[in-house]
Amino acid sequence: MTKTILQRMDDVIRWTGFPKRVEADLRRGKGAPPLRRSRWLPLVLLVIVSGLVVRYATNPALFAAFDPAEIVIRTITALFPCLVTASTFFGPLNPRRGSEQADEWEEALGHRALFFSAIVVGGLELAGVPVLIAIAFIHNWSSQTILVEIGLWLLYLFMLFQLAATLHASWSMPAATNRDEEVGLG
Amino acid sequence: MHNRIAIFRAEHGISRAKLADAVGVNPQTIGYLERGDYTPSLELALKIARHFGVNVELLFSLERFEPIAVTLRRND
């Protein structure tokens, strides 16, 4: 008996292993390990990334420099989006933690953090674009430089969105209390 | 919002993990509730009250609960 296209698509989904993982998560239900705060790593990353953006925005010639040291710095800079995304795995908004494991408190924490992050990124976008245009006019940037700078700016906003959300969730999160000693029920 | 979850939990001799499992949240959330770091949804408050078999007003209050000793003395 030949399978329909939909059945074949189901087979492909099953082949990925995700349905089994979701079933296991649903069986396990709540009782997931406590969320971890990540207060300092995103802050350090934010400072470094912001510094790099300012460095390239004030001196676009660095993009085309053939100096070996500059090439190394550019390579490291290119790795930062990956590092920032990886850092979210160590924070309270860990993407590996499925929504099946999240309870109402975790959902509220995530919503607040993402809302905060959206405001920060939106505000910076509103303020940053006119500044970028002004700098481009003052320094008479070529269209290629403008494109590179806009790309860098978008990449920065992408990283900022993740970092701001993790920072907000981590700093607004009270210390974990997973012990019962207080009432003698350990 | 004030609550007496810790007292009721101690009286029933159940851990945070067991209460969390019974009402469908993570144990960490019960900890935050007990410390007053989090105000629960109406649904969660009702589930916790139902688990202990009491009215929600006995567990949660907008005003600070009076000490149990005072309540007992008044009832004597």
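This section describes the helices, the nonpolar core and selected residues of a predicted two-chain model.

Chain A contains six helices and zero strands. From the N terminus on, its elements run α-α-α-α-α-α. Of the 186 residues in chain A, 18% are buried. Contacts in this chain often link distant parts of the sequence. Among those between residues at least 6 apart in sequence, 85% join residues at least 24 apart.

Two helix pairs in chain A were examined. Helix 3 (41-58) and helix 4 (68-87) form one of them. Their axes lie 11 Å apart, and the packing angle is about 160°. Angles over 145 degrees count as roughly antiparallel, and helix 3 and helix 4 of chain A are therefore roughly antiparallel to each other. Their crossing is left-handed. On the helix 3 side, the contact involves Leu41(A), Pro42(A), Leu45(A), Val49(A) and Leu52(A). These meet Thr77(A), Phe80(A), Leu83(A), Val84(A) and Ser87(A) in helix 4 of chain A. By class, this contact has eight nonpolar, two polar and no charged residues.

The second pair joins helix 4 of chain A to helix 6 of chain A. Here the axes come within 9 Å and cross at roughly 15°. Angles under 35 degrees count as roughly parallel, and these two helices are therefore roughly parallel to each other. The crossing of helix 4 and helix 6 of chain A is left-handed. Helix 4 of chain A contributes Phe80(A), Pro81(A), Val84(A) and Thr85(A). Helix 6 of chain A contributes Leu155(A), Phe158(A), Met159(A), Gln162(A) and Leu163(A). The residues of this contact divide into seven nonpolar, two polar and no charged.

Val49(A) belongs to the contact of helix 3 with helix 4 of chain A. Leaving aside neighbours within four places in sequence, Val49(A) is in contact with Phe80(A), Val84(A), Tyr156(A) and Met159(A). Phe80(A) and Val84(A) are in helix 4 of chain A, and Met159(A) is in helix 6 of chain A.

The largest nonpolar core has 33 residues. Those with the most contacts inside it are Val49(A), Met159(A), Leu160(A), Leu163(A), Ala169(A), Val23(B) and Val25(B). Several helices from both chains each supply at least two residues of this core. In chain A they are helix 3, helix 5 and helix 6. In chain B they are helix 2 (16-23), helix 3 (27-35) and helix 4 (42-52). Helix 6 of chain A gives the largest share, eight residues. In soluble globular proteins, nonpolar side chains tend to be buried together.

In chain B, Val23(B) is found in helix 2. Residues with 20 or more other C-beta atoms within 10 Å count as buried. Val23(B) is buried, with 22 such atoms. Not counting residues up to four places away in sequence, Val23(B) touches Leu44(B), Lys47(B), Ile48(B) and His51(B). Val23(B) and Val70(B) are 47 residues apart in sequence, and their C-alpha atoms are 30 Å apart in space.

The four residues touched by Val23(B) also appear in the contact of helix 2 with helix 4 of chain B. In that contact, Leu19(B), Ala22(B) and Val23(B) in helix 2 meet Leu44(B), Lys47(B), Ile48(B) and His51(B) in helix 4. The two axes come within 9 Å and cross at roughly 115°. The crossing is right-handed. Its residues divide into five nonpolar, one polar and one charged.

Helix 3 of chain B is largely enclosed by the rest of the structure, because eight of its nine residues are buried. The buried residues are Pro27(B), Gln28(B), Thr29(B), Ile30(B), Gly31(B), Tyr32(B), Leu33(B) and Glu34(B). Their cover includes helix 5 of chain A. It also includes strand 1 (2-3), helix 1 (5-12) and helix 2 of chain B. Helix 3 of chain B is followed by Gly36(B), whose phi is positive, near 80°.

A positive phi also occurs in chain A, at Asn140(A). Most residues other than glycine have a negative phi. Asn140(A) is not a glycine, yet its phi is about 55°. Asn140(A) lies in the loop between helix 5 (104-138) and helix 6 (143-172) of chain A. With 7 C-beta neighbours inside 10 Å, Asn140(A) counts as exposed.

Technical notes
Residues are numbered from 1 along each chain as its sequence is written. Chains are lettered from A and ligands numbered from 1 in the order in which they are written. This is a predicted model: local features need pLDDT of at least 70, side-chain atom pairs count only at pLDDT 80 or more; totals for chains, interfaces and linings use all residues. Helices (H or I, at least four residues) and strands (E, at least two) are DSSP runs, numbered from the N terminus. A residue is buried if 20 or more other C-beta atoms lie within 10 Å of its own, exposed if 12 or fewer, and partly exposed in between; C-beta atoms are placed from the backbone. A nonpolar core is a set of buried Ala, Val, Leu, Ile, Met, Phe, Trp, Tyr and Cys residues joined through C-beta atoms within 7 Å. Two residues are in contact if their C-beta atoms, placed from the backbone, lie within 7 Å. Axes are lines fitted to C-alpha atoms, for helices over the stretch in contact, and angles run from 0 to 180 degrees between N-to-C directions. Angles under 35 degrees count as roughly parallel, over 145 as roughly antiparallel, 65 to 115 as roughly perpendicular and the rest as oblique. A crossing is left-handed if the near helix is turned anticlockwise from the far one by less than a right angle, and right-handed if clockwise. Ala, Val, Leu, Ile, Met, Phe, Trp, Tyr, Cys and Pro count as nonpolar, Asp, Glu, Lys and Arg as charged, and the others, Gly among them, as polar.
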